[in-house]
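User: I'd like to learn how to read helix packing in a model. Could you walk me through one?

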Amino acid sequence: MTPARDRDDIEPSAGGKAQRLEALESEVDQLHQAVRSHTIVDQAIGVLVAVGQLSPAEGWDVLREVSMRTNIKLRHVAELLIEWGQSGALCSDIRRELDRQLAQRAGEAGRPSTHTRPREGTSPVPDPERTGTESEFAAEPSQEDRGPSHAPG
């Protein structure tokens, strides 16, 4: 009688190798999907951090709460928030709950709510090229802007 060998020492059959390969390919696909989902969630948290002036942890809490209270999968809510950051369009259920969550967080932190609800079709993220007015960027007014000069005569 030969001594029992460890499972790792046993050479798998061709069928066993095929099953193992299939299991590993499935695991790799799942890991790729997890990485993609994580990226989407992180981007959505970034939108919430910028719009709601939140910490990343608070952004995660808001994302999770909006998902739970609207009964929409977290990844889908994240995708919609990213799209909102680009287009300004957000479905009313998520918008309503997001407004509620951001107002609640602002109240808990003892600060006034800085979240302003963007008009439909506008981005919640300010456009850096449109911040301020031209007069804020002008170094000095031109002669035309100053009006006629009144030199002593």
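Analyst: Happily; we will go from the overall fold to helix pairs, then to the core and a single side chain. Keep in mind that this is a predicted model.

User: Where do I start? How many helices and strands does the protein have?

Analyst: Start with the inventory of elements. Here the secondary structure comes to 6 helices and 0 strands, and along the sequence the pattern reads α-α-α-α-α-α. Next, look at how far apart in sequence the contacting residues lie. Among contacts with a separation of 6 or more, 56% join residues 24 or more positions apart. Buried residues make up 24% of the protein's 153 residues.

User: How do I check the geometry of a helix, and what span should α1 have?

Analyst: Compare the expected span with the distance between the end C-alpha atoms. For α1, 39 residues at 1.5 Å a residue should span 57 Å, and its end C-alpha atoms are 57 Å apart, so the two agree. Helix α2 passes the check as well: its 15 residues should span 21 Å, and its end C-alpha atoms are 21 Å apart. Then look at what follows each helix. Q53, just after α1, takes a positive phi of about 50 degrees, and N71, just after α2, has a positive phi of about 60 degrees.

User: At what angle do α1 and α2 pack?

Analyst: For a helix pair, read the angle and the axis distance together. Helix α1 (residues 14–52) and helix α2 (residues 56–70) pack at about 110 degrees, with their axes 8 Å apart. Angles of 65 to 115 degrees count as roughly perpendicular, so α1 and α2 are roughly perpendicular to each other. The contact uses V41, A44, I45, L48 and V49 from α1, and P56, G59, W60, V62 and L63 from α2. By class, the residues of this contact are 9 nonpolar, 1 polar and no charged.

User: The spacing on α1 catches my eye. Why do residues three or four places apart point the same way?

Analyst: An α-helix has 3.6 residues a turn, so residues at that spacing share a direction. With that in mind, look at the buried residues of α1: S37, I40, V41, A44, I45, V47, L48, V51 and G52. Their cover includes α2, α3 and α4. In α2, the buried residues are G59, V62, L63, E65, V66, S67 and T70, and what covers them includes α1, α3 and α4.

User: How do α3 and α4 pack?

Analyst: Use the same reading. Their angle is about 85 degrees, with the axes 11 Å apart, which makes α3 roughly perpendicular to α4. V77, L80, L81 and W84 of α3 meet I94, R95 and L98 of α4. That contact has 6 nonpolar, no polar and 1 charged residues.

User: Which elements give two or more residues to the largest nonpolar core?

Analyst: A core shows which elements come together. The largest one here has 20 residues, and those with the most contacts inside it are L48, V62, L63, L81, W84 and L98. Elements giving two or more residues are α1, α2, α3 (74–87) and α4 (92–108). The largest share, 7 residues, comes from α1.

User: Finally, is W60 buried or partly exposed?

Analyst: Go by relative accessible area, with buried meaning under 20%. W60 has 34%, so it is partly exposed. This α2 residue is in contact with V41, I45 and L74, leaving aside neighbours within four places in sequence. The C-alpha atoms of W60 and I45 are separated by 5.9 Å, although these residues are 15 apart along the chain.

Notes
Residues are numbered from 1 along each chain as its sequence is written. This is a predicted model: local features need pLDDT of at least 70, side-chain atom pairs count only at pLDDT 80 or more; totals for chains, interfaces and linings use all residues. Side-chain values use heavy atoms; hydrogens and water are left out. Axes are lines fitted to C-alpha atoms, for helices over the stretch in contact, and angles run from 0 to 180 degrees between N-to-C directions. Helices (H or I, at least four residues) and strands (E, at least two) are DSSP runs, numbered from the N terminus. Angles under 35 degrees count as roughly parallel, over 145 as roughly antiparallel, 65 to 115 as roughly perpendicular and the rest as oblique. Contact means heavy atoms within 4.5 Å. Ala, Val, Leu, Ile, Met, Phe, Trp, Tyr, Cys and Pro count as nonpolar, Asp, Glu, Lys and Arg as charged, and the others, Gly among them, as polar. A nonpolar core is a set of buried Ala, Val, Leu, Ile, Met, Phe, Trp, Tyr and Cys residues joined through side-chain atoms within 4.5 Å. Buried means under 20% relative accessible area, exposed over 50%, partly exposed in between (1.4 Å probe, protein chains only). The expected span of a helix is 1.5 Å times one less than its number of residues.
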